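Reader: I am new to this structure and would be grateful for a close look at one part of it. Please begin with how its strands are paired, and then continue to the side chains that meet around them and elsewhere.

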Amino acid sequence: MATMTINKGRVRSMMTMSDEDLMMKQVEEAHAPDGHEFEVEPLLHLVEDILDRATLNVDTDVTPMFTAAYMVDETVEASITTLLDALSYTISRISGKLSEKALTGGEAHETTLSILNMLAPFSWHAKLVLTLAAFAFNYGEFWLLNQVYSFNQLAKPMAILKQLPVTMEHSGALKSRLDKLNSLIQTMLEATGFVDELRILSSAYIPSEVPELSAAMAHVPYVVYWTIRSAVSCASQVTNLTSFSHEYITSKTEAWELSTLDHRLKTVKEYLRERCITCHRLVSVEKEQHDKAYQTLPNHLKAIHIDNMKILKSLIYPKDDILPLVDGTTKTRVDIEVLRGKNVWLLISGLDISQHELSILKQIHSESKLHATTHEMVWIPVVDHSVKWTKGKQKQFDDQQSMMPWYTVLHPRLVSKVVIQFVKEMLHFRNKPILVVLDPQGKVLCPNAIHMMWIWGSIAFPFTTPREEALWKEETWTLELLVTGNDQKILNWIRDGKYIFLYGGNDIEWIRTFTKSARQVALTARIPLEMVYVGKSSKWEQVQRMTAIINNEKLSYTWQDPTMMWLFWTRLESMLFSKIQLRKADEHNPVMQQIKRLLSFNKAGGWAMLSRGSSIKMNGHGTTVLPALLEYDLWKENVMTKGYDVAFKEHHDRIQDLMPLCFQLDFQSTVPESIRCPECHSLMKELATFFCCHDDVVPSIYE
């Protein structure tokens, strides 16, 4: 921002227009946010409390007013402590710079720029809060000493060193100065509050492109500069009260500086206040319109229509002023009319669809064209409007869009906040892609067909709920259900009737002991045994290391293509989500019980599942599977009479009965109202869990 648009004649009294243009250029150049947002509100409340308690009641006394004791709950105190752990060094540096200016008489503008450079990585609002915290530290310390020096034996000699008794002798002369100082401090706090209010408005309510808000936001750097410069001046005034003579205390020059700064800051603060009022009025109107539109959207989906145009316009783009879609084949813009009378698959996701997901979706999309030409897919990218749209996000969107052979929405900003709220709350979209299937009249045939696609691929065409139910009726608990037909080696093992251990986990010592024990038992029992490492559903970098070690040490067979491992776990999770969507997650059948067991075992330690050919015999956690193998001598006599699989399972189950496990199921997308334990069939307890596996960025092997 180069110039102010309000009260130009009055506001520019301290410098010329060219000076101010240069100043603001320097301020903008010193702003280089690193994207890390600190929640500084608790610190601001602490600063406000300090400055309020250090406000002088100069009409009656030069002692700061005593107010109610400062109360803070443990949670707030903990958040402030954590914040100060991260920011105390920065605050100390600013405090030192404020003191340096006061004692050396440096130029206020240069000191202000120096502080701004220190605060370059922080947001505009955080710059203000940190500067005020540094000022409050010095200012609060000054008045705290003034409060207690007359009766505290430690404070009294310290006050003498700071010349406080001498300063207090001139209380009459101080009144006017302190009035101006207090007024400016209050204005600084109010200006900071309005900057914070604009920050909240721009991020949470209405986009910054709205003229009223964007005009106010353009003045934020100006406010930040003059607030910090005011803090520099106030700090100098406080220091000089105890460092100079009576002539300084009665000097009118310093008093004029305080008044001028206060006037300047009040003028722009008042402008921000008016803009905030206007913006809140707009928010109120927008919220009313948003709520009305949100209530209407579900009704549109439930109503009977002659075609799908009304539904698609509601979900994609309601106006007729632009061509809102891009044809993935020709890369040209087209109208929503191209979807009239078609079965439409709405692919709803963020900008982070993985290459695995895209490759499978492309294959299914291509194969679906062989079934019928009346089906079309449309990508609806969901990006929160509160998230700043950057060049990086634009490139991410362009890259994804360029790889899609189906229709895509022209730009994520065309997808309204109403639709984003709807897909999150009504369609249960979180962060994983969903695919909503609509018939030619816009009726929902399946609220999320993505699970069908991962489990059965194009066999599930046309991806309707009845088709999903029919496919489940055909399934049984076999190894073919878990392992796709892409691995011919495993299919050959199944055909030959071999014993097969599928196992997973990321504990290499457990893996070494398990594979060596399993192989030794197989040799002793004289049975044909193969083993396949399938990793984990997360922590891909660890899994990659485990796979490399297993290959190097020739412990077992592993999937060389990372897509196979990803697909194994994605399909397994999709089986559970599919049943939840069909409200059959608690069916008492072997498929669901064993799927739940595997997903729970995946959360901690190793696990193994044994099959003979396609028939799955057992699956268990590493804490029970390994002891069962190590105790082979206790059940080897049963191998000849019952078979290896039955003898092993019986001994394993006896161990499991002696050391029952807790089962845990985590849900990142569709969360059922309740779900039963796969072991005892009791309703599982629901707990909220926050976790980080440090693998939000997909590692290189998955790129």
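**Strands, helices and side-chain pairs**

Author: Strand E1 (residues 325–326) and strand E5 (residues 407–409) run antiparallel and are joined over 2 bridges. Within this pairing, Leu 325 has Val 409 of E5 as its bridge partner. Two strands are said to pair if DSSP finds at least two bridges between them, and helices (H or I, at least four residues) and strands (E, at least two) are DSSP runs numbered from the N terminus. The model is a predicted one, in which local features need pLDDT of at least 70 and side-chain atom pairs count only at pLDDT 80 or more, whereas totals for chains, interfaces and linings use all residues. Residues are numbered from 1 along each chain as its sequence is written, and side-chain values use heavy atoms, with hydrogens and water left out.

E1 and E5 belong to an open sheet of 7 strands with mixed pairing, in the order E2-E1-E5-E4-E3-E6-E7. The edges are taken by strand E2 (333–334) and strand E7 (444–446); each has a single partner strand, so one side of each is left without a neighbour in the sheet. Val 444 is in contact (heavy atoms within 4.5 Å) with Leu 301, which also touches Ile 311, Phe 422 and Gly 442 when neighbours within four places in sequence are set aside. Leu 301 itself lies in helix H13 (residues 252–302). It counts as buried, at 16% relative accessibility; the term means under 20% relative accessible area, with exposed meaning over 50% and partly exposed in between (1.4 Å probe, protein chains only). Leu 312 follows 11 residues away along the chain, and the C-alpha atoms of Leu 301 and Leu 312 are separated by 9.8 Å.

There is also an open sheet of 5 strands, again described by mixed pairing, with the order E10-E9-E8-E11-E12. Its edge strands, each pairing on one side only, are strand E10 (557–558) and strand E12 (615–621). Strand E8 (residues 499–504) and strand E11 (residues 607–612) are antiparallel and are joined by 6 bridges; Gly 504, for instance, has Trp 607 as its bridge partner in E11. Helix H25 (residues 590–601) lies across E11 and E12 and runs at about 35° to E12, where axes are lines fitted to C-alpha atoms, for helices over the stretch in contact, and angles run from 0 to 180 degrees between N-to-C directions.

Aromatic rings form a further set of pairs. Rings of Phe, Tyr and Trp (its six-membered ring) pair if their centres lie within 6.5 Å; planes under 30 degrees apart count as stacked, over 60 as edge-to-face and the rest as tilted. The count under this rule is 23 aromatic pairs. One of them is the tilted pair of Tyr 222 and Trp 226, at 6.5 Å centre to centre with 55° between the planes. These two residues are separated by about one helical turn, because they are 4 residues apart in helix H11 (residues 220–243). Both Tyr 222 and Trp 226 are buried. The pair of Phe 501 and Phe 648 is edge-to-face, because the ring centres are 5.9 Å apart and the planes stand at 85°. Phe 501 lies in strand E8 and Phe 648 in helix H29 (residues 644–658), so this pair ties together parts that are 147 residues apart in sequence. Phe 501 and Phe 648 are both buried, and they belong to one aromatic cluster whose members include Tyr 499, Tyr 503, Trp 510 and Trp 635.

Trp 226 also has a charge over its ring (NZ of Lys or CZ of Arg within 6 Å of the ring centre and within 35 degrees of the ring normal): the charged end of Arg 264 sits 3.9 Å from the ring centre. Similarly placed, Lys 127 lies over the face of Trp 124, 5.3 Å from the ring centre.

Side chains of opposite charge can pair when their charged atoms come close. The structure holds 22 salt bridges, each being a side-chain nitrogen of Lys or Arg within 4 Å of a carboxyl oxygen of Asp or Glu. Asp 320 and Lys 313 form one of them, at 3.1 Å between the closest N and O atoms; Asp 320 is exposed at 63% relative accessible area, and Lys 313 is partly exposed at 24%. In helix H9 (residues 171–205), Arg 199 and Asp 196 are 3 residues apart and so separated by about one helical turn. Their side chains meet in a salt bridge at 2.7 Å, N to O. Arg 199 is partly exposed at 26% relative accessibility, while Asp 196 is buried at 11%.
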